[in-house]
Amino acid sequence: MMGKKIGMLTLALSAVSVSVHAANVEVIHWWTSGGEQKAVTVFADEYNKLGGDSWVDSAVALGENARALTMQRILGGDAPGAAQFNTSRQFEELIEEGLLLDLTPIAKKEGWLQFIRPTSVLDPCMKDGGIYCVPVNIHSNQWLWTNKKVFADAGLQEPTTWKEFLQVAPKLRAAGVIPLALGGQAWQERHLFDVVMIGTTDKAFWSQIWDKKDPEAASGDTMRGVFETFGALRQFIDQGSPGRNWNDATNMVITGKAATQVMGDWARGEFSAANLKADVDYGCIPGPSIKPYLTLAGDAFIFPKTDDADLENAQFKMASMMLSPQVQAKFNNAKGSLPVRDDVDMSLADACMKKGLKLLENTDATFAPANVYITADTNGQVDDLITTFWNEPDMSVDTALTIFAGIIDDAE
């Protein structure tokens with residue numbers, strides 16, 4: 001009798017082993033700079049080490065291009081196995097249309113709700129009780145990166161506020177240095193605008209605009225000051241800015257061609273790749289602001305729904321791998337971001353990361369980015385206004401305010 005049972009079990013196990021096949025999981029992402037490639041390689045290597053399934057890398061330059069391609073592929077019936085988005089409402093419609101894999105089974109098994117922090121990076125993944133994405137890091141945008149030797153040679157102090165920047169910038173230019181390295185792409189111009197906005201106002205005003213969508217605040221004196229400060233920065237960039245990639249702008253600071261760059265904490269990966277030391281060779285100034293704030297945003301991966309059981313198993317395995325403590329530490333140290341779980345070894349954190357960690361521990365100093373509160377369509381309208389205002393200096397602040405208030409008034 002026992003032999004018969006063992007025989008049946010053997011047959012059952014054989015059937016299971018036969019039904020499980022390796023899958024190639026195509027992963028679309030926009031991590032193409034040197035530092036970013038090192039980070040995504042951590043994910044790919046760690047996944048391939050698990051055996052069986054394989055990471056098939058599909059890198060696409062620029063986030064908007066990668067997201068557009070992913071949407072086209074999913075809607076066209078040729079979905080990738082996984083794709084990068086930001087922790088925002090960017091993939092909300094895919095969830096609503098039932099096109100994404102519900103990760104709830106593995107999330108419950110591994111206790112994601114207990115260890116993922118802050119909850120704001122997981123919230124955009126959740127809809128009607130399901131979990132449809134994996135947040136893999138915490139990124140903050142509000143950093144002014146500096147070349148310390150440039151400032152020392154010019155006999156100038158690094159600015160900690162936008163007011164101080166506008167005071168030292170003419171002196172930097174007089175010393176033959178580009179005061180502000182900027183990649184002239186719409187997303188980078190919007191990034192600079194948002195950093196100026198929170199750096200010259202405060203968390204309450206940010207909420208008044210993006211969360212409460214107050215058109216009066218959007219057209220008021222405080223918002224006027226934001227547009228005026230933002231517009232004043234145009235004179236301190238160089239003529240080669242249009243079309244420049246963000247990492248090329250970072251390299252201008254690394255090489256001393258430019259004194260500063262406004263960019264998110266992912267720029268740290270470029271300085272690290274160049275073997276420069278934080279707060280020794282380069283500076284990282286949060287804000288810039290009298291009272292610095294940092295956004296709690298990041299990157300997340302979605303897994304399009306499939307009728308291929310082997311691919312679905314491989315997708316669950318990839319989601320689990322991305323959140324393992326060891327992979328979180330290795331990936332985020334390479335990426336220049338913070339892990340979404342606080343039980344990982346961060347002994348390798350440098351001076352800039354420690355500044356970020358200190359601010360992120362203070363809930364009063366953190367806030368959610370604009371795209372958490374507004375739809376992708378509204379966000380696109382703001383992008384269009386900001387890039388037009390930046391590139392057409394003839395547009396008055398009054399005109400910009402009127403358009404901006406209209407967008408906020410219609411925002412969903």
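**Packing around α14.** I began with the buried residues of α14 in this predicted model, and I noted that they pack against α2 (34-49), β7 (143-147), β8 (178-181), α10 (186-200), β9 (258-262) and α15 (268-273). The helix itself covers residues 246-254, and I listed its buried residues as W246, A249, T250, M252, V253 and I254. I then looked at what comes after the helix, and found that α14 is followed by G256, a residue with a positive phi near 85°.

**Positive phi outside glycine.** I next looked up backbone angles, keeping in mind that most residues other than glycine have a negative phi. L62 is not a glycine, yet its phi is positive at about 75°. I placed L62 in the loop that runs between β2 (54-59) and α3 (63-75), and I recorded L62 as partly exposed because its relative accessibility is 26%, a value that falls between the limits of 20% for buried and 50% for exposed.

K213 was another entry under this heading, being a residue other than glycine with a positive phi, here near 55°. I found K213 in the loop between α11 (203-210) and α12 (215-218). Its relative accessibility is 19%, so I entered K213 as buried, since the word applies under 20%.

**Cis peptide bonds.** I then turned to omega, bearing in mind that most peptide bonds are trans. The bond from R117 to P118 is cis, and I noted its omega as near -15°. P118 sits in the loop between α6 (112-115) and α7 (119-122). I also recorded a cis peptide bond joining G287 and P288, for which omega is about -20°. In this case the proline, P288, belongs to the loop between β10 (282-286) and β11 (294-295).

**A charged patch.** Which residues form the negative surface patch? I wrote down D377, D409, D410 and E412 as its members. I followed D377 further and found that it lies in helix α19, which spans residues 376-391. Is D377 buried or exposed? I entered D377 as exposed, because its relative accessibility is 55% and the word applies over 50%.

**Accessibility entries side by side.** For later reference I set the three values together: D377 at 55% counts as exposed, L62 at 26% counts as partly exposed, and K213 at 19% counts as buried.

How values were computed
Residues numbered from 1 in each chain as written. Predicted model: local features only at pLDDT ≥ 70, side-chain atom pairs only at ≥ 80, totals over all residues. Heavy atoms only, no water. Patch = residues over 30% accessible without salt bridge, like charges linked within 9 Å, V, L, I, M, F, W, Y side chains within 5 Å. Areas by Shrake-Rupley, 256 points an atom, 1.4 Å probe, with all protein chains shown as cover. Salt bridge = Lys/Arg side-chain N within 4 Å of Asp/Glu carboxyl O. Lys, Arg positive; Asp, Glu negative; His and termini not counted. Charge placed at Lys NZ, Arg CZ, Asp CG, Glu CD. Helix = DSSP H or I, 4+ residues; strand = E, 2+ residues; numbered from the N terminus. Buried < 20%, exposed > 50% of the residue type's maximum accessible area, 1.4 Å probe, protein only. Contact = heavy atoms within 4.5 Å.
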